[in-house]
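Subject: The structure I promised you

Hi,

Here is the structure we talked about. Have a look at it first, then read on for what turned up in it.

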Amino acid sequence: MFKPAALEAMKKKRANFEQIVEFCRSPRAFLKHLDAAGVDRAVLINYVAPEVIGFTPEVNQFVANYVKEDTKRLIPCGSIHPRHTRNVLADVEQVLRLGIRMIKIHPPHQLLFPNDYLHGVKELEIIYRAAEANGIPVMFHTGTSIFPGARNKFGDPIHVDDVAVDFPKLKILLAHGGRPLWMETAFFLVRRHPNVYLDISGIPPKSLLKYFPRLEEIAEKTLFGTDWPGPGVPDIKQNLEQFRALPLAEAAREQILSKTALTIWPA
Ligand SMILES: [Zn+2]
């Protein structure tokens, strides 16, 4: 589905692009790869972003089929794009029927603000209400994106503050902690709102404590992720090893590597 410029950005830093193509085709091959990396479970991030990346609503069916190989280890994340749905209620029902276990909103690629429901985009409110009612978390991409056509003004996590206030029972994950521009905002939101969590994917582990010097204070609501195979994330196993090497208390490390995720998606 990739648009040519997006595909080029994906391939640029990837020596092993063919391997990724193979993993997209074969969940069994990907599970073996996870075994080798020492990873039990993976959340597979998919979202609809026709303008910037090329992803269409077919991603939902794709990931639902893909995880059938092992529904305990593979957790499907999908999405509905407010501007690319003709019937938002029907699309929400379809996503629920497919067993999608997280909704991703990608503001810089979907070209919208998380709180645009306050400015006429009623579809967003319907998506959040449905997720809240069904106990499905919503992950927001926060921080910049280097894909051609991405608009970074949408990446400031402050716009998620309204969502956290208006949907207090909705579990909200801030992907990438606003890196590299808005870490203080992300840290504030996690501390301010009981329903907001921090996902550390896409942050080079070596920079994590520079970005979040008080990470241990929010370990209870922080979860590990890699953002692989996104550009700039070379390898899952290497990422994990570098995270393990950080000077964190053992309890905080365990919390971030598994316990927080287990509270969101019990095994
Ligand atoms: Zn992202």
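Before we get to the sheet, one definition: two strands count as paired if DSSP finds at least two bridges between them. Keep in mind, too, that this is a predicted model.

**The strands**

With that in hand, look at strand 3 (residues 102-105) and strand 4: three bridges join them, and they run parallel. One place to find this pairing is Ile103, whose bridge partner in strand 4 is Val138. Strand 4 also pairs with strand 5, again in parallel, through four bridges. There, His141 stands opposite Ala175 in strand 5. To get from strand 4 to strand 5 the chain passes through helix 8 (residues 160-166), and this β-α-β crossover is right-handed.

A bit of background helps with the next point: in a regular strand the side chains alternate between the two faces of the sheet. So which residues of strand 4 (residues 138-141) lie on each side, and are they buried or exposed? Val138 and Phe140 are on one side, Met139 and His141 are on the other, and all of them are buried, so both faces are covered.

**Helix 12**

Next, scroll to helix 12, which covers residues 250-264. Its 15 residues reach 21 Å from the first C-alpha to the last, close to the 21 Å expected. Even so, the helix has a kink of about 50 degrees, centred on Ile256. Ile256 is also one of the buried residues of this helix, along with Ala252, Arg253, Gln255, Leu257, Thr260 and Ile264. What covers them includes strand 5 (172-175), strand 6 (196-199), strand 7 (222-223) and helix 11 (236-244).

**Salt bridges**

How many salt bridges does the structure hold? There are nine, and here are a few to look up.

Glu69 and Arg28 meet through their side chains at 3.0 Å, N to O. Glu69 sits in the loop between helix 4 (58-66) and strand 2 (74-78) while Arg28 is in helix 3 (residues 27-37), so this pair ties together parts that are 41 residues apart in sequence. Glu69 is partly exposed, with a relative accessible area of 34%, and Arg28 counts as exposed at 56%.

Arg73 and Asp35 form another salt bridge, at 2.9 Å, N to O. This one also links distant parts of the chain: Arg73 is in the loop between helix 4 and strand 2, Asp35 is in helix 3, and they are 38 residues apart. Arg73 has 18% relative accessibility, so it counts as buried, whereas Asp35 is partly exposed at 47%.

For a pair within one helix, try Arg129 and Glu132, which meet at 3.4 Å, N to O. Both lie in helix 7 (residues 122-133), three residues apart, about one turn of the helix. Salt bridges that share partners join these two with Lys122 and Glu125 into one network.

**Some backbone oddities**

Most residues other than glycine have a negative phi, and most peptide bonds are trans. Where should you look for exceptions? The bond from Arg179 to Pro180 is cis, with omega near 0 degrees, and Pro180 is in the loop between strand 5 and helix 9 (183-192). Trp228 and Pro229 are also joined by a cis bond, with omega about 5 degrees. Pro229 lies in the loop between strand 7 and helix 11, and so does Asp227, whose phi is positive, near 75 degrees. Leu111 has a positive phi as well, about 60 degrees; you will find Leu111 in the loop between helix 6 (107-110) and helix 7.

Have fun exploring!

Conventions
Residues are numbered from 1 along each chain as its sequence is written. This is a predicted model: local features need pLDDT of at least 70, side-chain atom pairs count only at pLDDT 80 or more; totals for chains, interfaces and linings use all residues. Side-chain values use heavy atoms; hydrogens and water are left out. Helices (H or I, at least four residues) and strands (E, at least two) are DSSP runs, numbered from the N terminus. The expected span of a helix is 1.5 Å times one less than its number of residues. The bend at a residue is the angle between axes fitted to the seven residues ending there and the seven starting there. Buried means under 20% relative accessible area, exposed over 50%, partly exposed in between (1.4 Å probe, protein chains only). Contact means heavy atoms within 4.5 Å. A salt bridge is a side-chain nitrogen of Lys or Arg within 4 Å of a carboxyl oxygen of Asp or Glu. A crossover is right-handed if, with the strands pointing away from the viewer, the path from the first strand over the helix to the second runs clockwise.
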